Amino acid sequence: MGIKSFLASRKKTQKDTPATPIKVSDYMTTNLITFKSDQRIEQVIDAIIKHRISGAPVINEKNELIGVISEGDCIKQISESRYYNMPMDNATVEKHMVKNVETIDGNMNIFDAANKFLASKRRRFPIVENGKLIGQISQKDILKAALALKGQNWK
């Protein structure tokens, strides 16, 4: 008589199917508030307050990204205006926006994007495709993606 195993029959383990990577384009904002380079800083400040945003892309007439303007850029203008006792009437976006803008690829994995946020200390990244602005991803969008994956594998 042979030795019997006292272990229950083993169920075949189902191989984990690799989760499809979550792309930046799945969580980016496409309905953006944008500014033009010739707009006045006061208009930007009004829009930032009204829409509860911390900044926005600056585009030209062809919808090409030419810069980004933020709350900090506006505060800097207010501070300089007060310091030099100059009116803000002639202060335009073009003079105060950041022109060398770092963008992110819409096909990038959301967790790679999170690492890029950590490394760069930025609050938002515009997404450009074929030279045109198509969206923007923010740190808050990364948090939304993480919550959507709650309870799943982080692959």
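Two strands pair if DSSP finds at least two bridges between them. Strands here are DSSP runs of E, at least two residues long, and helices are runs of H or I, at least four, both numbered from the N terminus.

This is a predicted model: local features need pLDDT of at least 70, side-chain atom pairs count only at pLDDT 80 or more, and totals for chains, interfaces and linings use all residues. Residues are numbered from 1 along each chain as its sequence is written, and side-chain values use heavy atoms, with hydrogens and water left out.

I start with strand 2. Strand 1, residues 35-36, pairs with strand 2 in the parallel sense over two bridges. In that pairing, Lys 36 stands opposite Ile 59. Strand 3, residues 65-70, runs antiparallel to strand 2, and five bridges join them. There, Pro 57 of strand 2 faces Val 68 in strand 3. The hairpin of these two strands has five residues between them, and Asn 63 takes a positive phi near 65°.

Is strand 2 buried or exposed? Buried means under 20% relative accessible area, exposed over 50%, partly exposed in between, with a 1.4 Å probe and protein chains only. Five of the five residues of strand 2, 55-59, are buried, so the rest of the structure largely encloses it.

Now helix 6, residues 139-148. Asp 141, Ile 142 and Ala 145 are buried there. Seen down the helix axis, the buried residues fall within an arc of 105° (taken from the directions from the axis to the C-beta atoms), so they line one face of helix 6. The face turned away from that side carries the exposed residues Lys 140, Leu 143 and Leu 147.
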